[in-house]
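Here is a short briefing to read alongside the model. Keep the structure open as you go, and follow the residues from one topic to the next.

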Amino acid sequence: MAMKKLYRSNTNRKLCGVCGGLAEHFDIDPTIMRLLFVFLTLFVGGGLLIYIICALVIPNNPNI
């Protein structure tokens with residue numbers, strides 16, 4: 001069983017491709033991941049910071 005690597009999406013991106021990449025990695029709809037980040041930002045307060053850190057740390061997908 002091959003391990004799946006986490007990359008930012010090159011095809012399914014709105015800003016930096018973080019939500020699209022996470023959705024591809026976990027095999028869920030990217031809209032659900034985006035709504036999760038909006039929820040975290042509005043109600044918990046850490047979503048924007050987490051998104052920025054992920055955009056800096058997660059590499060772009062080199063295959064596409």
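Let's start with Asn61, which is buried, with a relative accessible area of 13%, below the 20% limit used here for a buried residue. Please keep in mind that this is a predicted model. From Asn61 we move to another buried residue, Ser9, then to the helices, and finally to the largest pocket, which is lined by 15 residues.

**Asn61, after α3**

- Along the chain, Asn61 belongs to the segment that follows α3.
- A polar atom of the Asn61 side chain lies 3.1 Å from the backbone nitrogen of Asn63.
- Beyond its neighbours within four places in sequence, Asn61 is in contact with Tyr7, Arg8 and Asn10.

**Ser9 and Lys14, before α1**

- Ser9 is found in the segment before α1, the helix of residues 18–26.
- Is Ser9 buried or exposed? Its relative accessibility is 1%, so Ser9 counts as buried.
- The side chains of Ser9 and Glu24 make a polar contact at 3.0 Å.
- Glu24 is also one of the residues that Ser9 touches when those up to four places away in sequence are not counted; the others are Cys16, Gly17, Gly20 and Gly21.
- Lys14 lies in the segment before α1 as well, but this residue has 67% relative accessibility and therefore counts as exposed.
- Lys14 and Arg34 are 20 residues apart in sequence, while their C-alpha atoms are 9.6 Å apart in space.

**Helix α1**

- The buried residues in α1 include Gly20 and Gly21, both of which are touched by Ser9.
- Val18, Cys19, Leu22 and Ala23 are buried in α1 too.
- Among the elements that cover the buried residues of α1 are α2 and α3.
- Just after α1, Asp27 takes a positive phi of about 55°.

**Helix α2**

- Helix α2 runs over residues 30–44 and has 15 residues.
- From first C-alpha to last, α2 reaches 20 Å, close to the 21 Å expected at 1.5 Å a residue.
- Which residues of α2 are buried? They are Pro30, Met33 and Phe37.
- Because these buried residues cover an arc of only 65° around the axis, they sit on the same side of α2.
- The other side of α2 has exposed residues, namely Ile32, Leu35, Leu42 and Phe43.
- The packing partners of the buried α2 residues are α1 and α3, the latter being residues 47–57.
- Just after α2 comes Gly45, with a positive phi of about 100°.

**The largest pocket**

- The volume of the largest pocket is about 240 Å³.
- Three elements, α1, α2 and α3, give two or more residues to the lining of this pocket.
- Which element gives the largest share of the lining? That is α2, with 4 residues.
- Of the 15 lining residues, Leu15, Cys19, Arg34, Phe37 and Tyr51 lie nearest the centre of the pocket.
- Several of these names have come up already: Cys19 is buried in α1, Phe37 is buried in α2, and Arg34 is the residue whose C-alpha is 9.6 Å from that of Lys14.

Note on methods. Residues numbered from 1 in each chain as written. Predicted model: local features only at pLDDT ≥ 70, side-chain atom pairs only at ≥ 80, totals over all residues. Heavy atoms only, no water. Buried < 20%, exposed > 50% of the residue type's maximum accessible area, 1.4 Å probe, protein only. Polar contact = N/O pair within 3.5 Å; in protein donor to acceptor, adjacent residues only side chain to side chain. Contact = heavy atoms within 4.5 Å. Expected span 1.5 Å × (residues − 1). Arc of directions from axis to C-beta. 1 Å grid on protein atoms, 1.4 Å probe; cavity = no way out; pocket = protein on both sides within 12 Å on 5 of 7 lines; lining within 4 Å. Points joined across faces, edges and corners; volume = space filled by probe spheres on them.
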